[in-house]
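Here are a few exercises on how the parts of a protein meet. Have the coordinates open and try each task before reading its solution.

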2 protein chains.
Amino acid sequence: MDTTEFRRRGKEMVDLIADYLENIEQRTVYPDVEPGYLRSLIPEEAPEDPDTYEDVVKDIERVIMPGVTHWHSPYFYAYFPTANSFPAMLADMLSGAIGCIGFSWAASPACTELETVMMDWLGKMLKLPEDFIAGTHGQGGGVIQGTASEATLVALLAARCRAVRMILASDPQRPETGITSKLVAYSSDQAHCSVERAGMIAGVRMKKIPTDQSDKYAVQGETLRRMIQEDKAAGLIPFYFCATLGTTPSCAFDHITELGPICNAEKIWMHIDAAYAGSSFICPEFRPLLNGIEFADSFNFNAHKWLLVNFDCSTMWVKKRSDLIGAFKMDPLYLKHDHQESGRYFCTDNSLFRSLKMWFVFRMYGLKGLQDYIRKHVELAKEFESLVRADQRFEISADVVLGLVCFRLKGSNEVNETLLKRINNGRKIHLVPCLLSGQFVLRFALCARTTESRHIREAWRLITQLAEEVMQELPH
Amino acid sequence: MDTTEFRRRGKEMVDLIADYLENIEQRTVYPDVEPGYLRSLIPEEAPEDPDTYEDVVKDIERVIMPGVTHWHSPYFYAYFPTANSFPAMLADMLSGAIGCIGFSWAASPACTELETVMMDWLGKMLKLPEDFIAGTHGQGGGVIQGTASEATLVALLAARCRAVRMILASDPQRPETGITSKLVAYSSDQAHCSVERAGMIAGVRMKKIPTDQSDKYAVQGETLRRMIQEDKAAGLIPFYFCATLGTTPSCAFDHITELGPICNAEKIWMHIDAAYAGSSFICPEFRPLLNGIEFADSFNFNAHKWLLVNFDCSTMWVKKRSDLIGAFKMDPLYLKHDHQESGRYFCTDNSLFRSLKMWFVFRMYGLKGLQDYIRKHVELAKEFESLVRADQRFEISADVVLGLVCFRLKGSNEVNETLLKRINNGRKIHLVPCLLSGQFVLRFALCARTTESRHIREAWRLITQLAEEVMQELPH
């Protein structure tokens, strides 16, 4: 395919995408296929000679679409939102064409520099403490990661490195493996599974701090303090705590104003994972949820979830860039360049020009446009919440703070599991469950950019209708 | 921006991209900016109200382009190629619009399934042993990672998990931290820095196996065998060896036909990192370089380097999918679905629909088109090699096997460093160096899809001209 053909096919693809998104609600949101459906629809090997482009495009509807879960359908309420906006898509097209790999400043200065400045823009939108802003002289700053899982791991590794160095500084003879085997990290029992996985990867002990419903599934200072004391008494070395603002099951918020000072006093690295909720902090009315950030060493949320910046764009800030650079520094000759020692920029892995989409989105929406978008989702969640509360058969299972509503039929887990299965098998809307205090709960997450009140009400009609069926069939 | 405006802006962007790539050789390949150049060109904060799209587009030339290293210019010979093709860009546009996150089969069945089948297609193109093909009943198969660094780490973690389990099976009382502290992994002293970093992340000892020029910078079986014996005698537990096919400095190939049987006998996980060279194995004449693959537990290369599939698409195969799944399995309720237990599909992290671009590229080029592309780069490298060899002032520093030529002026490191600095400051072509046996060497890597013989010859004219200047200025 040469440039001339690309001009033609590219424009056709723009229309195909526009058509897809314009008509997405007419598609079945959750696909009706069995595992293995796709293999039989295409050849077993790549062609020797090229296929025609027409055939490739035809296969999008024949092979791909029947197996797509349509995350951007206004009937999609599963997991958490993933961002999808036109400005971000335009930026991604450009990023793909420039196609530079930003593993150092010299590999593409614009790539590294725009990232640093966009992270400052976003940091200021969130009103992060000055420590987290790079500016021209700051010690801290932001870097884009692929996912929140990556950010959690990066923070854990930097924390491990810092802890080992601190101990070696006071006891240089101590063997490093002897230190690592005594380290202990903490997170909430509501934390995302990737936090536990980060501990496995880093080969350190990771303890879950119990939460309970009476405290809204949040970690309390007192619980952390007690675990630290017990672990220290047992000869362990507490070094890392991953707080969550907006947990995956129920969007619960750990008490970081209590937890932060404890971590600081104990020289424990506090990382804050606000993967979903972080985007909302650009609104003054939700910013108090981030109070306590001043105690954190690192903070992360996924702009690619709820801030209209397409995947992947997990935004992470640290107070000391040197903590990250020190933990990962590798300097083979093929990566050296004249400005190596400026120390102003850091990037922890290969990536494309991801900051371009932040730039396009922030400029095309403006701060106000982004705030409006967040507020609209929260309002829709509140609307859904009041529909649930108005129906005596249902209950709300956790505080509705942002765009997630956790609810269930009053009754057994079985009846709720059956209801959810019925909902998903109907394929008109798509939800996933969670467990809260042993109860099977349905999660209704506002996801698509185009969701309106009428979709919410339609979803609720469907849910109550299926609930009626289920309750008639199942004995109470 | 609504759909109607996206149709218009998207088509403009297609033209902007086509113009950029069509005229890329008229741009300065390596930017002439100082660190910090960008910050002063844009506001310090995001706008409250939206900017116009026209202003955003204008800033691409004003703000971004002056700081871009043009990886797809035919005058770019640095690092290794990164893929850039029109079919891949079209697929990425579609992938961005579908915007599904493929962390489980149910999150988008087409995403997971196409990935498995495309990895089979590519595995067959490489003539991988049947063990690595998923098919409908295989135990092995492929999965797309973001980078080779990720693949190396994933393999190392799976190996660590397998090693610990094997030891615990025979000695269940042994504490796990006691095992980890005894583990030892190996790689070549020519391996990419990310291999060493993987060891740091996983918290295991990683030893570099010495290579030397007389053996073309390859790891020999005898050297590995000796290190294993010594380490075992010292009470360590060898568990992982990362072989490299096509090292970053000089594209050297470890002797995997010798190394593989040693690893198998010692129950050491052998991972093969062929990040750059792997793409060439689709050509029968280069496939012998992969002989010995049958001894490997896992194998990886970057289709996003040399196989025309845009970043990111690092393709990784394992003989036993269960080894990976076992090392990472996490199953919170919100990720459960009806087909959880089919065990047919596995994905280790969040990602977009990356297999779409493999599908588009394989079909639009066909196997023959891809082979032609690889062969053309190798021919151009051979052409450059013969230009170097015909000039008595220069020497070739390592065998030219694929698309990389390592060369230098006969003489001191200083004179070569000066030459390289002069080349890069001239900004007509861009190269990076490497160290081979203490010698400072210039790497000439065939990178851009559009590089032709005339570019190679022009580059050589420039290099010899600058070499002349440098040699006249510097005392020998």
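**Exercise 1: the two domains of chain A**

Task: Work out how many residues meet where domain 1 of chain A touches domain 2 of chain A, and how much area is buried there.

Solution. Keep in mind that this is a predicted model.

- Start with the bounds: the assignment gives chain A a domain 1 made of 1-30 + 69-87 + 366-475, and a domain 2 covering 100-352.
- Next, the contacts: 27 residues of domain 1 of chain A touch 30 residues of domain 2 of chain A.
- Then the spacing: the C-alpha centres of these two domains of chain A are 30 Å apart.
- Now the area: about 2,500 Å² is buried between domain 1 and domain 2 of chain A, with carbon and sulfur atoms giving 67%.
- Finally, the big contributors: of what domain 1 of chain A buries against domain 2 of chain A, 24% is supplied by Phe80(A), Ile374(A) and Leu402(A), more than any other three residues.

**Exercise 2: polar links between the domains**

Task: Find out how many salt bridges cross the interface of domain 1 of chain A and domain 2 of chain A, and which elements line the domain 1 side.

Solution.

- Count the salt bridges across this domain interface in chain A: there are 2.
- Check the pair Asp399(A) and Lys216(A): the closest N and O atoms are 3.1 Å apart, within the 4 Å cut-off, so the pair is a salt bridge.
- Add the polar contacts: 13 residue pairs across the interface of domain 1 and domain 2 of chain A, both at pLDDT 80 or more.
- List the elements giving two or more residues to the domain 1 side: α12 (355-389), β9 (404-409) and β10 (432-436) of chain A. The largest share, 8 residues, is from α12(A).
- Sort that side of domain 1 of chain A by class: 15 nonpolar, 8 polar and 4 charged residues.

**Exercise 3: chain B against chain A**

Task: Do the bookkeeping for the contact between chain B and chain A: residues, area and salt bridges.

Solution.

- Residues: 138 of chain B are in contact with 139 of chain A.
- Area: chain B and chain A bury about 12,500 Å² between them, and 66% of this is on carbon and sulfur atoms.
- Salt bridges: the rule finds 16 across the interface of chain B and chain A. One pair to click on is Arg39(B) with Asp120(A), where the closest N and O atoms are 3.0 Å apart.
- Polar contacts: 56 residue pairs between chain B and chain A, both at pLDDT 80 or more.
- Elements: helix α1 (residues 3-22) of chain B gives the largest share of the chain B side, 16 residues.
- Classes: the chain B side that touches chain A has 80 nonpolar, 30 polar and 28 charged residues.

Note on methods
Residues are numbered from 1 along each chain as its sequence is written. Chains are lettered from A and ligands numbered from 1 in the order in which they are written. This is a predicted model: local features need pLDDT of at least 70, side-chain atom pairs count only at pLDDT 80 or more; totals for chains, interfaces and linings use all residues. Side-chain values use heavy atoms; hydrogens and water are left out. Domain bounds come from an automatic or database domain assignment. Contact means heavy atoms within 4.5 Å. Buried area is the accessible area (1.4 Å probe) that two parts lose on being put together, summed over both. A salt bridge is a side-chain nitrogen of Lys or Arg within 4 Å of a carboxyl oxygen of Asp or Glu. A polar contact is a pair of N or O atoms within 3.5 Å; within protein, one must be able to donate a hydrogen and the other to accept it, and residues adjacent in sequence count only if both atoms are side-chain atoms. Helices (H or I, at least four residues) and strands (E, at least two) are DSSP runs, numbered from the N terminus. Ala, Val, Leu, Ile, Met, Phe, Trp, Tyr, Cys and Pro count as nonpolar, Asp, Glu, Lys and Arg as charged, and the others, Gly among them, as polar.
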